[in-house]
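Trainee: I should like to practise reading a structure with you, one question at a time. May we begin once it is displayed?

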Amino acid sequence: MASFKPTKIQVYPKLGEKVTQDTLYWKNYKAPVQIKEFGAVTSIDFSPVTPHNFAVTAFTRIHIYGPFSQEPVKSFTRFKDTAYCGRFRSDGQLLVAGCEDSVVRLFDVSGKVALRLFKGHTKAVHLTDFTSDRYQILTGSDDYTCRLWDIPNATELTTYREHTDYIRCGVTSKLNRDLFITGSYDHTVKLFDARVEKSVITMDHGQPVESVLLYPSEGLLVSAGGRHVKVWDLLKGGQPLVSLKNHHKTVTSLALSSNGQRLLSASLDRHVKVYSTTNYKVVHNFDYAASILSLALAPDDESIVVGMTNSILSIKHRKNQEDSKEIAGQQRRRPSYRVFVKGKNYVPKQDDYLVSKPVKEHLAKYDKQLRRFNVSKALDTALETWIRFRKPEITMAVIKELDRRGTLKNALAGRDERGLSQLLNFLIGNFVDARFTPVLVTAAEMILDIYQSIIGQSPLVDRQLLRLQDLVEKEIDYQKELLEVLGMLDTMFASSLPRKEVPCSGIGKSNGLTQGEPSTSKPQLQVT
Amino acid sequence: MVEHGDIRVVHCGGSKLNFRDPVITHDSRFLLCASGEAVKVFSTSTEECIHELRGHTGLVTGVLLRPSNHLQVYSSSLDGTVRLWDFTDGILIKTCVIGYPIYSFYASAKHENVIFIVTSMPSEKRAERFQLVAVHLPQSGDQLVEARELSAVLSGVNPNPAAIAFGRGGEFIASVNDLQLEVYFFKKQKSYRFFLKEDNKKGGWNTFTCVACHPKDDCIATGHEDGKIRLWRNFNHKKEYTYSTLHWHHSAVSSLCFTPEGTNLLSGGVESVLIQWRYKQESERDFLPRLGAAITHITVSPDGSLFCTSHSDNKITIIQSCVKVSAVIQGLVKGDSIRTDLMMDPRSKALVLNGKPGHLQFYSLQRDKLLYNLDIVQQEYIHESGLQQFEVVKAAFDASGLWLATVEERHQKAAELELNLKLWAFDEQTQSFVLNTTISAPHDAQITAMSFRQTADSQTTLLVSTSKDGHFKAWQLAAPAHTEDEGPSWLCDFVGAYHGLVPECCSFSADGSLLAVAFQEVVTVWSPATWELLTTLSQPPGAVSDLCFGRLSCSKYLLGTTASNLLCCWNLLTCSLEWSTSMDVRRLLVDPLSENMAAFCYQSGSTDLFVFKPSEPRPLFSRKAVCSGKVTQAVFAPREEMLESCEESSQWLNRSQLYFLTQQMDLMTFTTKAEEDRLLASSKQLVIDDTVAMTPFYLLLGKHRQQQQEHRDSDSSLWAERTALPQTSASIKELLQTPAHVLPSTSYLCSMFVQSLLISVSDVREEKAHAEEEMESEKEEEDSEEEMESSRSKPELVAAATESDAPALTKAQARELRRVRKLDHSWLAGLLDS
């Protein structure tokens, strides 16, 4: 005797974004904290030492925020004009920043007034950085030069005049005190060695370079400019590895996640994209309200800080790992109902007479009703508000099962105004869902057949029927348009694809070879 | 054409089990049922077939326990004989020739040596009229007797065995036919007839379908076409009869049965629910639902502990006291509904085809037993006529048997086609297939063909399905893309089409490097690695209906059959037609283990078979008129062990065996003479003790025992001596092991002891003269020993003596010791090793 086979609830493919490990990781952030700055946020830099404060350069100020503070813990306001590129030294004690007025200022993080002023540039300085030996400063300016300065004496050490346009970005090597890289609007990225007079490697990015980034291993270099993000292999003399074009506006900022597995790029198109550094595919995407100018990640990805053109600083903090785990654990521990089975672990002895009881199978309510052939009741159960809205696939499965049993008509018939309107509501809600349409069309036809005599008796039902009609008409128009687009695309593809010749041997009179072009299309995934 | 005298087409397995109602023996241990031309004896506990009672030359139409001897059974057949068997040993005791085909037969304890048979009326011109005839079985010791004393009892009866029943100890017999119930009383020699109207007001059909009589009470239960059951009482009066009606079934009642004590009435029908009505409290009833298929017969064991239902899907269910199904005897399910091709499961070497609705059956050809049913549809089956059910229409195995792909479809008139492609993975732990992926609506229209890439190293398994929507799709096992998925699932890898033509069939080459898809007249060859169209081949006119790649040395050939009766062979190296011949090939098959191909051709009402190699012009084997009708389903089954046939004509059968289904849904195969001889020999060997059911466990252990025995037998004459021992040693042992203080007097013991020895000598007949001499001397020795008995204090001495010095030993003890030494203990070692 086989047991009753419960109705199979079909698992429908999830529409929309697919849930991957990456999405889970990057979604695990709290709602962003938004802070209004005085102007566009051009640069954000995290302090390398705990508690990992970060310096935000916006307009004429540099604010330093603590990891969880809403208010700046410190601000440097002594700029005559727009400040640029506030960066921490590797010990987190000093901060350097360029300025529109061509003066580079060095601050003690605990002080207020600039310790040193480096004067020499003739135009705005957009790039400042400390070298890895901590005693020198690299600056790049709109006067096409980049210079190295000595901190103790505040004197200029070297000037490089190789770029032919504004220098807007650059980075110093963390491993070698003599190496640094600059990117310029003349489309090139240059690697300089302070021990020699000129650049060692020149890489042509193709667009004005907005941002450069060195991998922690410093074997790979990432440059962003225009819509492109390019990866270069420095160990092979600046050979291009990959060119990524995933933004539709200029990429302004780059960042690496703490473990070096993911690369983030921010762009004026208001997106931050996360790439996997193994295959350079986009694995996640953040949307922001305005064009993004700067982006930084806290160590261990504890927070993502984004500065935008509308002078908003957005800080996303990571959700506390323990908190979420604890909640999940609690939910798992607590059963929905508790059953005490006395003597559950009792092992029968040799002389015991064993009376076996058949295991009672748990059936859902609609299944119980279906087993008793109570088709109307089963449909009622499946149309309960909770199921109808939260799990429409259950309602669908029951309707399908009734249709298979040939009793759908019986189940649909004999309903009062409330029942019918409930049914029509469900129809209207799910009719155009491609996953449900085939089944619901049958049901809708049956409903119309059964209840056509009562049309006009209830204003509620009439209104719903009109809505349904409207919906169907709209859907038909929509499908027509889609077909038109599809036809247009087909023509375009057909003309763009090269005509392929099928190899054909000369022999074979009897073998009537036909020349053909295989029409291949991309697979349509319908797997559930 | 070569003569092939020694290759025969034979029926193979899967005879009907549900043709007539089965019989349970008195001790409820065996179940007998008519199956084709034999009676099968099954064990009710292990479901295994113990004997087949063979001898009838026609279809067996009934099995009955002999009322006077419950260890014997009668069987009747269309060949006009009634045979008496001893079913415990499977021996034919007596054959009684009646001379008329017997459609059903009955016996009752009251009528000794009389059986009642239903046979067609000889006088009547129309063959549809049947009569009930009483036959006196002649009492003679001969094996073959002829029954001459025939007397007609009732005429115009229904040949259906359910339509006649004996009532209350055989006092009367009730027969139903159409709308009439006839009761014949043997004592009064008088019959009463009761009629019903054709249909009542509510439009039910009153036609009788079956009848059963209460064993203790004057009550007749009849089942009707409209699902009603009527209980007739007071029917020994013409006018004052009464009946009450029970109604649960929604369609015809097919079987009724009272329990032996008459406390319950069992009924069953197409709903596949067994209903137990309490007699005289008919409102109370028990149900046993979901028995799988429509019930055709119900029987109850004589002690009432077991119920047994036969089902329309060739199944017998044994039910313990109306609550628990204890055993299911399932035969091969055949019918018009077989829509899948015949297949071989590469793992279990079982034949696979769809049987029960929504299931695939795995049928072991070697053991002629259904291994299991795999539920493909996994939906509650609704027993209702006119309902469109999901049907399994296609199935395919991959080469290693790890994956199974099935297609199920349901086609309703109004709605569109519902199609599901399911992929099943073999689970090593449960040893069965587990659903891996369900793809709903894989294509827009029906799937015409499906094929796995047949590579042995199945790292990248690939499935191709072709459909009437003009596309073929390649499905591939892919790693989970999402985190919430558990394991790998199947995804569409490629969609191909060719000028909007409808693909009819597809085939992978043996190494899996080429895929051929036939789009009507054009065969396209693709490379599955890159999905490039390599070449196209065509041979108009006529659409290609079957495609096969050659194997092994013929792998460069691609064979196709076209609708315009052409068999074409293309050479893939030159992309040209190698040869073609005109024949109406219905099914083209390739032997997976050799280069051979088989083609079933339909010609003038019958099917011919050709077995050939694509590279050779002459067929290896051809046979005209293999069977009548078309053959569309066939399979090559690899043999477990290769045959060594040196004859050229039968060499193609060496590696694999060819099975096919005829239009009448008979499973047939080809056998060679040598094979038949071998089978016959093996069947003689396999005579099994009927007390032990033939379980795999028994076979395992039993074989081992046999080996041991052979081993022992071959030892020497020494063994013969030892086998004689137990009889003698029993008394010796008794003598030796009883404590001395409880033993009776020696004189008493002596006579007893001597007597036991005398018996033992007479028992052992096959002892050699030498052994007898020894025995005699032994006897003397024993006697002398007996005399010395008093001197021996303890029986344990024997054990002690083996260690102590020789002088203490008596002669008997010394001999015993010698014997022990000579014994071969190697069997013990063998036992330990195993």
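Trainee: In which loop does K334(B) lie?

Mentor: Please keep in mind that this is a predicted model. Two strands of chain B frame the residue, strand 30 (324-330) and strand 31 (343-344). K334(B) therefore lies in the loop between strand 30 and strand 31 of chain B.

Trainee: Does K334(B) count as buried, partly exposed or exposed?

Mentor: Buried means under 20% relative accessible area, and exposed means over 50%. The relative accessibility of K334(B) is 29%, so the residue counts as partly exposed.

Trainee: What distance separates the C-alpha atoms of K334(B) and L667(B)?

Mentor: Along the chain, K334(B) and L667(B) are 333 residues apart. In space, the separation of their C-alpha atoms is 9.0 Å.

Trainee: How many helices and strands are there in chain B, and what share of its residues count as buried?

Mentor: Chain B contains eight helices and 57 strands. Its accessible surface is about 38,400 Å², with 51% belonging to carbon and sulfur atoms. Of its 834 residues, the share that count as buried is 52%.

Trainee: Which strands are at the edges of the open sheet with the order 23-24-25-26 in chain B?

Mentor: This sheet has four strands with antiparallel pairing. An edge strand pairs on one side only, and that holds for two strands of chain B: strand 23 (253-258) and strand 26 (281-288).

Trainee: Which residue is the bridge partner of L256(B) in strand 24 of chain B?

Mentor: Strand 23 and strand 24 (residues 264-269) of chain B are paired in the antiparallel sense, over five bridges. Within strand 24 of chain B, the partner of L256(B) is S267(B).

Trainee: In the hairpin of strand 33 and strand 34 of chain B, which residue takes a positive phi?

Mentor: Strand 33 (residues 359-364) and strand 34 (residues 369-375) of chain B run antiparallel and are joined by six bridges. F362(B) stands opposite Y372(B) of strand 34 of chain B. Four residues lie between the two strands of the hairpin, and the positive phi, near 50°, belongs to D368(B).

Trainee: Let us turn to chain A. Why does the distance between the end C-alpha atoms of helix 6 of chain A agree with what its 14 residues should span?

Mentor: The expected span is 1.5 Å times one less than the number of residues. For the 14 residues of helix 6 (residues 392-405) of chain A, this gives 20 Å, and the end C-alpha atoms are 20 Å apart, so the two agree at 20 Å.

Trainee: How many of the 14 residues of helix 6 of chain A are buried?

Mentor: The buried residues include P392(A), I394(A), M396(A) and I399(A), and also E401(A), D403(A) and R405(A). Helix 6 of chain A is mostly covered, the number of buried residues being twelve.

Trainee: Which helix of chain A gives the most residues to the largest nonpolar core?

Mentor: In soluble globular proteins, nonpolar side chains tend to be buried together. The core here has 37 residues, and I399(A), L402(A), L424(A), L427(A), L440(A) and I447(A) touch the most other members. Several helices of chain A each supply at least two residues, among them helix 6, helix 8 (417-430) and helix 10 (459-496). The one that gives the most, with seven residues, is helix 9.

Trainee: Not counting residues up to four places away in sequence, which residues does I447(A) touch?

Mentor: I447(A) is one of the core residues that touch the most other members. With residues up to four places away left out, I447(A) touches L412(A), L420(A), L423(A), L424(A) and L427(A).

Trainee: Is the peptide bond from T50(A) to P51(A) cis or trans?

Mentor: Most residues other than glycine have a negative phi, and most peptide bonds are trans. P51(A) is placed in the loop between strand 2 (41-46) and strand 3 (54-58) of chain A. Omega for the bond from T50(A) to P51(A) is near 10°, and the bond is cis.

Trainee: What is the phi of C85(A), and does the residue count as buried or exposed?

Mentor: C85(A) lies in strand 6 (residues 83-88) of chain A. Its relative accessibility is 8%, so C85(A) counts as buried. Although C85(A) is not a glycine, its phi is positive, at about 55°.

Conventions. Residues numbered from 1 in each chain as written. Chains lettered and ligands numbered in written order. Predicted model: local features only at pLDDT ≥ 70, side-chain atom pairs only at ≥ 80, totals over all residues. Heavy atoms only, no water. Buried < 20%, exposed > 50% of the residue type's maximum accessible area, 1.4 Å probe, protein only. Core = buried A, V, L, I, M, F, W, Y, C linked by side-chain atoms within 4.5 Å. Contact = heavy atoms within 4.5 Å. Pairing = 2+ DSSP bridges. Areas by Shrake-Rupley, 256 points an atom, 1.4 Å probe, with all protein chains shown as cover.
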